[in-house]
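Grab a pencil and open the viewer. Here are a few exercises to work through, each with a solution.

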Amino acid sequence: MQRWSKLFIPTLREAPADAEVASHKFLVRAGYIRQLAAGIYSYLFLAQRTILKITDIVREEMNTIGQELFLPALNPRDVWEASGRWDVMGDNMFRLKDRKGADLCLGMTHEEIMTDIARKELRSYKQLPQIWYQIQTKFRDEPRPKSGLLRVRQFTMKDSYSFDIDRAGLDKSFDLHDAVYRRIFNRCGLEFVAVEADSGSMGGSQSQEFMVYTDAGEDLVASCAKCGYAGNLEKATSKLEAVEDLPANPSGKREKVYTPGTKTIDDVAAFLKTPVNNNMKSLAFMMTDGTSPAGATIHRPLLVLMRGNDQMNEAKLSGAVGGREFRPMQEEEIVKYFNSPAGYLGPVGLKQVRVVENKDTANYVGDADQFVVVMDEALRGRKNLVSGANELDYHFTGLNIGTDFEVTACADLRNVVEGEGCPRCGEALKLGKAVEIGHIFKLGTKYAESMGAKVLDSDGKEVTVIMGSYGIGVERILTACIEQRHDENGFWLAPSIAPFTAVVTPVNVKDTALLEASEKIGQQLEAAGYDVLLDDRNERPGVKFKDADLVGIPFRINVGKKLAEGKVEVVERATAQSTEVAVADLLTHLQGLYNPRA
RNA sequence: CGGGGCGUAGCGCAGCCUGGUAGCGCACCUGCCUUGGGCGCAGGGGGUCACAGGUUCAAAUCCUGUCGCCCCGACCA
């Protein structure tokens, strides 16, 4: 049992002016954290206690499927060069030199180090599968740290890596993590959703994020309350209502129409008196596409075709062009490639690349001025569309795919809009901001291949091991809990991760009967497995109640004037519900609310 | 990296425009008082005014530069 009067719990009446989100304000006010620099925080006593409780849960659950290691945060350059990520990580990686001038970095994640161990030590399929995990500090030089502990430059991550001999093994390792993650987040008292996610340039085949809905979040998630479908906006799709096509032009062919001063889709639709979704929006980008024989980066024009009132998702486009980088065209580039001012662009008459499929991504074959044209799925099968004619003040009507223009590829590119139908069951989708607290995905052979992690299979043949990568942001569990469980006075953590499960509050410590009874109660609860904080400070009751409400402890036991009748008061922080309980019944009563030994 | 804002006591802020003794609330220390929702009274401690340079008899205040922090955007394995 700890005595508040002896502890360092620096609570504040006011939040620092630079705190915006609830978790940040309360973590500072409740004396959990103090900032050292942008995105770098010291964890004080209460924070450290809850983080240890969280990692205890993580460790306990992870031990059911894997083995804990502890790997260096300080990494030599060559390991990261072996995977190719020394360059890829760019400014996001902290880099330093040792006294001999050798390059080192601080680990952002540990695929490289784990794979390095695997390639040096694993020899046979008989040693597989393996699941190795660690709980370690990670360093990322975020361009913009923000929102307290939500986006920081130094944080704790549980990261694990699976090594399997085949796809089926990887599927199993993935499913094991999925199940364990659900248990971990449930035990921490989080309401979360598992969502389909974009695997990005990691090249994974399946990727799932664990998200907590909160306005403090930076991701957008679409989910279906009926069937449970959920997807990151970068991945989510929806059932779209069919759009009625316009009738064909009387000529049966496309027609060029004079549309003076109509630079936006809405202008064109209004001018032609056609629904916006019968218009095709043309978005022009410049894309990098490999290097020329001379070593120069090739820049290639990229045209994206969307329905008139759809928004394009950049992550989806990135996937559609094999992860190549792109940016919007500048005005003079538009004129150069389209021979037309912006506002009247369209796909008709553009020179296009040929596509040669290889095993990973499409190869574009053609001169550097030849276009890649990617069309959104929502346009597939549509007829008699309207689009710019690549000429000032003119648009085409009656455009048909295959007749009037070709596309290089067709892909899902649009952002789902709230209220659209769930792709599985048709129910209206909900869209909300969310924080990512965990991510599991199938890496495949990306690192094992580039770094040469191979074993012999049962036929004596050398095969590359298949990997998965699985992360949990430890501090984000804490912040997400606070975002989910707070009011104007403070927050309440789940008893499993709260720094203390109960605070015993003698209303007046000068009254020795109250203090002694409180101590006795505290000892009794400790014996039953509760972490008890005794608020023995010589403060007025109001001060103690305010502090207790602030710091996240789920239960409070008030020891006051009713003690004369043998009664104390149990207050549940989450509901503010207060119950008078005879001291003799206190333990049973509390166990009914939460039993640490259960 | 682009845009905006802010740096004055532990926290929240005023003072700066119009240069002249550095202030307020909370917190902290001492004493008294009080004890069921941040109580009251009296006394007290604490600030190189982010840093550097300049202007001036005199700079928290005006000028220049630098650093730091926050917000929006870009970015984000």
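The exercises below deal with a predicted model.

**Exercise 1.** Find out how strand 15 pairs with its partner strands.

Solution. Start with strand 15 (residues 280–291) and strand 16 (residues 297–307): they run antiparallel and share ten bridges. To check the register, pick Lys281, whose bridge partner in strand 16 is Met306. Next, look at the turn: five residues sit between the two strands of this hairpin, and Gly295 there has a positive phi of about 100°. Now move to strand 17 (residues 326–328), which also pairs with strand 15 in the antiparallel sense, over three bridges. Here Met286 has Arg327 as its bridge partner.

**Exercise 2.** Work out which helix gives the most to the largest nonpolar core.

Solution. First, locate the core: it has 63 residues, and Tyr32, Tyr181, Phe185, Ile437 and Leu493 have the most contacts inside it. Helix 2 (residues 45–62) is the top contributor, with seven residues. Then check the domains: domain 1 (2–237 + 430–483) and domain 3 (500–593) each supply at least three residues.

**Exercise 3.** Classify Asp116 and Arg119 as buried, partly exposed or exposed, and describe their contact.

Solution. The two side chains form a salt bridge, 2.9 Å from N to O. Both residues belong to helix 5 (residues 111–121), three residues apart, or about one turn. Asp116 has a relative accessible area of 12%, under the 20% cut-off, so Asp116 is buried. Arg119 comes out at 25%, which means partly exposed.

Key: Residues numbered from 1 in each chain as written. Chains lettered and ligands numbered in written order. Predicted model: local features only at pLDDT ≥ 70, side-chain atom pairs only at ≥ 80, totals over all residues. Heavy atoms only, no water. Pairing = 2+ DSSP bridges. Helix = DSSP H or I, 4+ residues; strand = E, 2+ residues; numbered from the N terminus. Core = buried A, V, L, I, M, F, W, Y, C linked by side-chain atoms within 4.5 Å. Buried < 20%, exposed > 50% of the residue type's maximum accessible area, 1.4 Å probe, protein only. Domains from an automatic or database assignment. Salt bridge = Lys/Arg side-chain N within 4 Å of Asp/Glu carboxyl O.
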